[in-house]
Amino acid sequence: MAAIATPAHCVADFCLVPIGTSSPSVSEEVADIHRMIETSGLKYVMHSAGTTLEGSWDRVHQVIGQAHTLLHQKGIVRIHTDIRVGSRTDKMQSFEDKVAKVQQLLGK
């Protein structure tokens, strides 16, 4: 297994959900995570249901793991995260490229 490399590049969308907090709001936790992501060197965009990260496979997954650790260190005992990851080898495509293509088809 060690001989199989991870993809060079990926786009990952993730939604991290702290469980068992004192409030249904997670905006403080999201802000904490985004402060950390801003220092990661990855391209990212926040949206209403999560965050999209772009970069090397290993770094993207490391940052998602660091988001877990950051919140665990703040006393959140349980976290659930949904992650969707895409990679391709035929061309380099950013998350902005993907959105721009659909907007072009819509005539925007």
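**Close-ups of a predicted model**

At 8% relative accessibility, serine 94 counts as buried. It's a residue of a predicted model, and the legends below walk through that model one view at a time.

**View 1. Serine 94, tucked into a loop.** Serine 94 sits in the loop that links strand 4 to helix 3. The cut-off for "buried" is under 20% relative accessible area, so with its 8% serine 94 makes the list. Who does serine 94 touch, once its neighbours within four places in sequence are set aside? The partners are Lys43 and Glu54. Glu54 turns up again in the strand 3 view, where it is one of the buried residues of that strand.

**View 2. The whole chain, for orientation.** Before zooming in further, here's the overall layout. The chain holds 3 helices and 4 strands, and reading from the N terminus the elements go β-α-β-β-α-β-α. Measured out along the principal axes would be one way to put it, but let's just say that the C-alpha trace spans about 45 × 45 × 20 Å along them. Of the 108 residues, 31% count as buried. If you take contacts between residues at least 6 apart in sequence, 70% of them join residues at least 24 apart.

**View 3. The four-stranded sheet.** In what order do the 4 strands line up in the open sheet? The order is 2-3-1-4, and the pairing is antiparallel. Strand 2 and strand 4 (78–86) are the edge strands, each pairing on one side only. From one strand to the next, the twist averages 20 degrees. Helix 3 (residues 95–105) packs on this sheet and touches strand 1, strand 2 and strand 3. The direction of helix 3 makes about 55 degrees with that of strand 2.

**View 4. Strand 1 and its two partners.** Strand 1 (residues 10–19) has strand 3 as one antiparallel partner, joined to it by 5 bridges. Have a look at alanine 12, which stands opposite leucine 53 in strand 3. Strand 1 also pairs with strand 4, again in the antiparallel sense, over 9 bridges. For that pairing, a handy residue to pick out is cysteine 15, whose bridge partner in strand 4 is aspartate 82.

**View 5. Strand 3, covered on both faces.** How many of the 6 residues of strand 3 (residues 50–55) are buried? The count is 6 of 6, so the strand is mostly covered under the cut-off of under 20% relative accessible area. On one side you'll find Gly50, Thr52 and Glu54, and on the other Thr51, Leu53 and Gly55, all of them buried.

**View 6. The hairpin of strands 2 and 3.** Strand 2 (residues 43–47) and strand 3 run antiparallel and are joined by 5 bridges. The two strands form a hairpin, with 2 residues between them. At histidine 47, the residue standing opposite in strand 3 is glycine 50.

**View 7. Helix 1 against helix 2.** Two packed helices are described by the angle between their axes and the distance between the axes. Here the axes of helix 1 (residues 27–38) and helix 2 (residues 57–73) come within 10 Å, crossing at roughly 135 degrees. That crossing angle makes helix 1 oblique to helix 2. As for handedness, the crossing of the two is right-handed. From helix 1, the contact uses Glu29, Asp32, Ile33, Met36 and Ile37, and these meet Val63, Gln66, Ala67, Leu70 and Leu71 of helix 2. By type, the residues of this contact split into 7 nonpolar, 1 polar and 2 charged.

**View 8. Leucine 42, a buried loop residue.** Leucine 42 lies in the loop between helix 1 and strand 2. Is leucine 42 buried or exposed? Leucine 42 counts as buried because its relative accessibility is 12%. Leaving aside neighbours within four places in sequence, leucine 42 is in contact with Leu53, Glu54, Gly55, Arg59, Val60 and Val63. Take the pair with valine 63: 21 residues separate leucine 42 from it in sequence, and the C-alpha atoms are 8.9 Å apart in space.

**View 9. Leucine 105, out in the open.** Leucine 105 belongs to helix 3. At 65% relative accessibility, this leucine counts as exposed. The C-alpha atoms of leucine 105 and leucine 71 are separated by 40 Å, with the two positions 34 residues apart along the chain as the offset.

Key. Residues numbered from 1 in each chain as written. Predicted model: local features only at pLDDT ≥ 70, side-chain atom pairs only at ≥ 80, totals over all residues. Heavy atoms only, no water. Axes fitted to C-alpha atoms, helices over the stretch in contact; angles between N-to-C directions. Parallel < 35°, antiparallel > 145°, perpendicular 65-115°, else oblique. Left-handed = near helix turned anticlockwise from the far one by under 90°. Contact = heavy atoms within 4.5 Å. Nonpolar A, V, L, I, M, F, W, Y, C, P; charged D, E, K, R; others polar. Buried < 20%, exposed > 50% of the residue type's maximum accessible area, 1.4 Å probe, protein only. Pairing = 2+ DSSP bridges.
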